[in-house]
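Morning, everyone. I'd like to take a few minutes to walk you through a model, so get it up on your screens and stop me if you get lost.

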Amino acid sequence: MAVNKHLKKKSLATKALPCDRCGRIVENVDERTKRVICSVCVQLSVGFPEEAKSTYKPTGRPAGWHWMKEYVDTDGNVFHKGKEIPELKDTLPPTVIKPRKKIKRRSKEQILIDRHNKKKAVLKKAIKKQKDFLDHNFKKE
Ligand SMILES: [Zn+2]
């Protein structure tokens, strides 16, 4: 308890500490501070969230819609390569976006099965070739 009280007491004494990440000297650090991260590293680790927030607007449009020759959104707005064509609004049906194929991670077992099937197919082909050869009906190329 006594220790907590001591820590809560505001100390005005400051010191300079090297940044925990880059070693830049950070001044006016509370003397009780053991580690400090400079403003540069904080900014880097945070990744400028304000900026990111202001530019990111979810549109509900598919990725790369503005590269599409023609894209009609669900409101009937028509875009040609990302440029809105107001005259065409509501003249076209909304572009149907094919849902992206989910990349299923194959299980280890599935990988083995696939590999086995592939091998089997290759083998089958080889056997057939040999058979054809034996039957003297292999094609001359
Ligand atoms: Zn730093």
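I'll go from the overall layout to the two sets of strands, and then to the last helix.

One thing up front: this is a predicted model. The protein chain has four helices and five strands. If you read along the sequence, the pattern is α-β-β-α-α-β-β-β-α.

How much of the protein chain counts as buried? Of its 141 residues, 4%. And if you take the contacts in the chain with a separation of 6 or more, residues 24 or more positions apart account for 3% of them. Keep both of those in mind as we go round.

Okay, let's start with the hairpin. Strand 1 and strand 2 form it, with six residues between them. The two strands run antiparallel, and four bridges join them. In the turn you'll find Gly 23, with a positive phi of about 85 degrees.

If you want to see who faces whom, there are two pairs to click on. Thr 14 stands opposite Asp 30 in strand 2, and Leu 17 stands opposite Val 26 in that strand.

Now stay with Leu 17 for a second, which lies in strand 1, residues 14-18. Is Leu 17 buried or exposed? It has 20 C-beta neighbours inside 10 Å, so it counts as buried; the cut-off for that is 20 or more. Leave aside the neighbours within four places in sequence, and Leu 17 is in contact with Val 26, Val 29, Thr 33 and Val 36. There's also Glu 31, which is 14 residues away from Leu 17 in sequence and 9.2 Å away in space, C-alpha to C-alpha.

Next to that, look at Ala 16, also in strand 1. Ala 16 has 10 C-beta neighbours inside 10 Å, so this one counts as exposed. As a general point, side chains in a regular strand alternate between the two faces of the sheet. Not counting residues up to four places away in sequence, Ala 16 touches Ile 25, Val 26, Glu 27 and Val 29.

Across the hairpin, the C-alpha atoms of Ala 16 and Asn 28 are separated by 5.9 Å, although those residues are twelve apart along the chain. Asn 28 sits in strand 2, and its phi is positive, about 60 degrees, even though it isn't a glycine. Most residues other than glycine have a negative phi, by the way. Asn 28 has 8 C-beta neighbours inside 10 Å, which is why it counts as exposed. As for strand 2 as a whole, residues 25-30, it is hardly covered: the count of buried residues among its six is zero.

Right, on to the other strands. Which strands make up the open sheet, and in what order? There are three of them, in the order 3-4-5, and the pairing is antiparallel. Strand 3, at 71-72, and strand 5, at 83-84, stand at the edges with a single partner strand each, so one side of each has no neighbour in the sheet.

Strand 4 covers residues 78-80, and it pairs with strand 5 over two bridges. One facing pair to look for here is Phe 79, which stands opposite Glu 84 in strand 5.

In the loop between strand 4 and strand 5 you'll find Lys 81. Lys 81 is another residue other than glycine with a positive phi, near 50 degrees. With 11 other C-beta atoms within 10 Å, Lys 81 is exposed.

Last stop is helix 4, residues 108-134. How far does helix 4 reach from its first C-alpha to its last? With 27 residues, it reaches 39 Å, close to the 39 Å expected at 1.5 Å a residue. The number of buried residues in helix 4 is zero, so it lies largely in the open. After helix 4 comes His 136, whose phi is positive, near 60 degrees.

So, to go back over it: a hairpin made by strand 1 and strand 2, an open sheet of three strands, and a last helix that lies largely in the open. That's me done, so over to you.

Terms used. Residues numbered from 1 in each chain as written. Predicted model: local features only at pLDDT ≥ 70, side-chain atom pairs only at ≥ 80, totals over all residues. Pairing = 2+ DSSP bridges. Buried ≥ 20, exposed ≤ 12 C-beta atoms within 10 Å, placed from the backbone. Contact = placed C-beta atoms within 7 Å. Expected span 1.5 Å × (residues − 1).
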